[in-house]
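Student: I have a new two-chain model open on my screen. Could you walk me through it, one question at a time?

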Amino acid sequence: MNDNNDFSPKIVGFLCRWCSYQGADLAGTSRIEYPPNLIPIRVMCSGRVDPVFVMKAFSEGADGVMIFGCHPGDCHYKEGNYKAIRRFHLLKKMLNQFGIEDERFRLEWVSAAEGDLFAEIVKDASEKIKSLGPLNWKERVGV
Amino acid sequence: MITATIDGQKVSFKEKTTILKAAKNLGIEIPTLCYNEVIKPYSACRICVVEVSLNGRTKIAASCSTEIEEGMTIKTDSLRVMNARKIVAELLLGRAPDSPQVKEIALLYGVKESRFKSDTPQKCILCGLCVRACDEIVGVSAISFINRGPEREVATPFKEISSTCIQCGTCAYVCPTGSITIEDVLNRKVIHSEMTLGPTTAIRVPSLQSTPNVPYIDTDACIHFKTGNCEICKVYCEREAINYDMKEEIVDVDVGSIVISTGYDLFDSSKLPQFGYGRYPNVVDSIQFEKLCHASGPTGGKILLENGKPPERIAIVHCVGSRDEKYKKYCSRVCCMYAMKFAHLVHEKTDAEIFEFYIDMRAFGKGFEEFYHRMLEEGVNFIRGKVAEVTDGAVTKAEEGKLIVRCEDTLIGRVRRIPVDMVVLCPAMIPRKDAEEVMKIFGLTKSADGFIREQHPKLAPVSTDSDGIFLAGACQGPKDIPDSVTQGAGAAGAVLSLGKVFAMEPIYSFIDEELCAGCKICISVCPYDAISYDDEKHISRVDEMMCKGCGSCVAACPGGVAVQKGFRDEQIFSEIEGILFA
């Protein structure tokens, strides 16, 4: 199950265009080093993230999925991140029932000025998911 | 018309006028002690007496309360008047031998010493101005005369601490001999208090440079707002410009763009107790020192210590709270230059020796480096090192009575103790305390340093993520006047270039009318009320002009019927597949 030495997790990240994507961009321009495991998908708002996207990502082979949004109260579209919170908690319960561990699915708040925070979160998630091992969804369900 | 003669001059008045006022009109000054032009006269002190002749009878009368009558002849400087005033002065001097004002008036009549000696010499001459002021102007009557004869004095009822007194200080203000004083019984250590506020009245112009340059009434301090009385300012205002009924109005204004220029606050130096701010006298921050140097300030521009003497040695400390891991990590940009400006002013105005404690000299602008060299030539002692503390603990005789600045001089590698008279701190420029509230109201975001975040540091330094809202000045980050003005011009330009073209999002959402079931879930999640319900067709419809493209409706739509241009579900699925391929 755990081939930690070679395993490099694939994490799909949904980043909102206003805060978290700019925060990730800042991490880049600041030349902060962090693991390359997260591949970002830009959406306009974390409230755009449909639970179907998360499920699609896991079913296509992602080892982890993360949603990044603006801090509560600071959403560029006012309340989109609150919608993300609601969906996240319900979805997580459902994913747990499919055997997908808590650490594989995360919701984080990163503002446009928090490049170092973004890097830290990705580093933390990569390490945790690496120690959990690959999800191997397709093998699990026999697809 | 009432006609009379004063000192040989004929005068005529339409209405009732006292002799004192009539004489003043003619330019004749009569000395007074217990008279105040806005309070009813009491004629207690008797120093204003004059000789009045009417219908063949002559008498000595108090000019402050005696009214002119037809045919009166008045003499204000006859021998009889002089003698009368001389006795009055001598009596007053016996009662109040130490009052400078009484001594001055006595000297006018050649009285240097009084043959009348009082058992209880004091400054109060029982003129009653304080009592009348408290009654007529303030309207609370907290004090009055008590007892009679030699026991007569001014006091509160039963000489107890008064609950009616509103601590307005009017009694002290009108007292002609300085008998009444205001004391701060809480014994707060007030350090250079005159430098932050100066003596003020309840109606005042905030500063010489205020815009608009008109007075306002501080309703917390104003007697009229406490007791309904006074209104003296209205009495004096010839333009009748005073209106006590003005109220704050909240006005709704429809605008197309907003420029936020809400400014900055200064870091509170008392958070760094090692510098002694708020503990020692003569430790001030830059804004207070600026007021000291300013010609309209409390000292008229003279640089003085709290004891009124000019300093012999001044320390200027850079980076108080700035470039500090524990407080503000950033550099406040303006302090090196204004610290040098202070040094230059001190050099111009005093003979003081100046010590500047810096970490780096940031002289980045036009002419700035040249100014630094000029300061070096003027003999300012620049010491490279952070100040560890300011203390009054003297170790040698030379340090006694001084403030000692302890620092490490990194260029010579030694720890130094430098005794000075005055310490000027350069605190960090910080975001205003209500900056977070402003950001919430306008939907703006915060930079890492807490100031308002610009859209892009290089490509959009005056815009914000919210369309039509621009930034200018220190609210966006510490900056000096030239940079603030530049940014202000930039923001104005950005506003003017908005023009009459309305830009809309190309990534708006739309709803497939054939498939929509009319559940209205999308309407409930739209933060911009951009979706409306068509009652005839029983479907929801997005207004593309209002839609900002957040995609909330798309994610919420149970039927997958709402679609966002550029971020359709299929597009996102493709991205996911692409990422996870192989």
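Tutor: Happy to! One term before we start: two strands pair if DSSP finds at least two bridges between them. Please also keep in mind that this is a predicted model.

Student: Then let me use that term right away. In strand 4 of chain B, which residue is the bridge partner of Glu51(B)?

Tutor: Strand 3 (residues 49-54) of chain B and strand 4 (residues 57-62) of chain B run antiparallel and are joined by six bridges. The two strands form a hairpin with two residues between them. Within strand 4 of chain B, the bridge partner of Glu51(B) is Ile60(B).

Student: Which residue in the turn of that hairpin has a positive phi?

Tutor: The turn belongs to the hairpin of strand 3 and strand 4 of chain B. A positive phi of about 55 degrees is found there, and the residue that has it is Asn55(B).

Student: Strand 17 and strand 18 of chain B form a hairpin too; how many residues lie between them?

Tutor: Strand 17 (residues 403-409) and strand 18 (residues 414-420) of chain B pair in the antiparallel sense over seven bridges, and Cys407(B) stands opposite Arg416(B) in strand 18 of chain B. In the turn, Gly413(B) has a positive phi of about 70 degrees. The number of residues between the two strands is four.

Student: Which strands are at the edges of the sheet with the order 16-17-18 in chain B?

Tutor: This is an open sheet of three strands with antiparallel pairing. Strand 16 of chain B pairs with strand 17 of chain B over four bridges, and Thr391(B) stands opposite Ile404(B) in strand 17 of chain B. Neighbouring strands here are turned by 20 degrees against each other on average, direction ignored. Each edge strand pairs on one side only, and the two are strand 16 (387-391) and strand 18 of chain B.

Student: Now the overall build: is chain B a compact globule or more spread out?

Tutor: Chain B has 16 helices and 25 strands. For its 582 residues the globule rule gives 25 Å, but the radius of gyration is 36 Å, well over that value. Along the principal axes, the C-alpha atoms fill a box of roughly 125 × 80 × 45 Å. The radius of gyration therefore makes chain B more spread out.

Student: How far apart do the C-alpha centres of domain 1 and domain 2 of chain B lie?

Tutor: The domain assignment of chain B gives domain 1 (2-108), domain 2 (255-502) and domain 3 (509-580). Between the C-alpha centres of domain 1 and domain 2 of chain B, the distance is 58 Å.

Student: And chain A: what is its radius of gyration?

Tutor: Chain A has five helices and four strands, in the pattern β-α-β-α-β-α-β-α-α along the sequence. Its C-alpha trace spans about 40 × 35 × 20 Å along the principal axes. A compact globule of 143 residues would have a radius of gyration near 15 Å, and chain A agrees with 15 Å.

Student: Which strands of chain A stand at the edges of its sheet?

Tutor: Four strands form an open sheet in the order 2-1-3-4, with parallel pairing. The edge strands each have a single partner, so one side of each is left without a neighbour in the sheet; they are strand 2 (38-43) and strand 4 (105-109) of chain A.

Student: Which residue in strand 2 of chain A does Phe14(A) stand opposite?

Tutor: Strand 1 (residues 11-16) of chain A runs parallel to strand 2 of chain A, and six bridges join them. Opposite Phe14(A), in strand 2 of chain A, stands Ile41(A).

Student: How are helix 1 and helix 4 of chain A oriented to each other?

Tutor: The axes of helix 1 (residues 20-29) and helix 4 (residues 115-132) of chain A come within 7 Å and cross at roughly 90 degrees. That crossing makes the two helices roughly perpendicular.

Student: Finally, which element gives the largest share of the side of chain B that touches chain A?

Tutor: In this interface, 26 residues of chain B are in contact with 30 residues of chain A. Helix 15 (552-556) and helix 16 (569-580) of chain B are the elements that give two or more residues to that side. By class, the side has 13 nonpolar, five polar and eight charged residues. The largest share, eight residues, comes from helix 16 of chain B.

Notes
Residues are numbered from 1 along each chain as its sequence is written. Chains are lettered from A and ligands numbered from 1 in the order in which they are written. This is a predicted model: local features need pLDDT of at least 70, side-chain atom pairs count only at pLDDT 80 or more; totals for chains, interfaces and linings use all residues. Two residues are in contact if their C-beta atoms, placed from the backbone, lie within 7 Å. Ala, Val, Leu, Ile, Met, Phe, Trp, Tyr, Cys and Pro count as nonpolar, Asp, Glu, Lys and Arg as charged, and the others, Gly among them, as polar. Domain bounds come from an automatic or database domain assignment. Axes are lines fitted to C-alpha atoms, for helices over the stretch in contact, and angles run from 0 to 180 degrees between N-to-C directions. Angles under 35 degrees count as roughly parallel, over 145 as roughly antiparallel, 65 to 115 as roughly perpendicular and the rest as oblique. The radius of gyration is taken over C-alpha atoms; the globule rule is 2.2 Å times the number of residues to the power 0.38.
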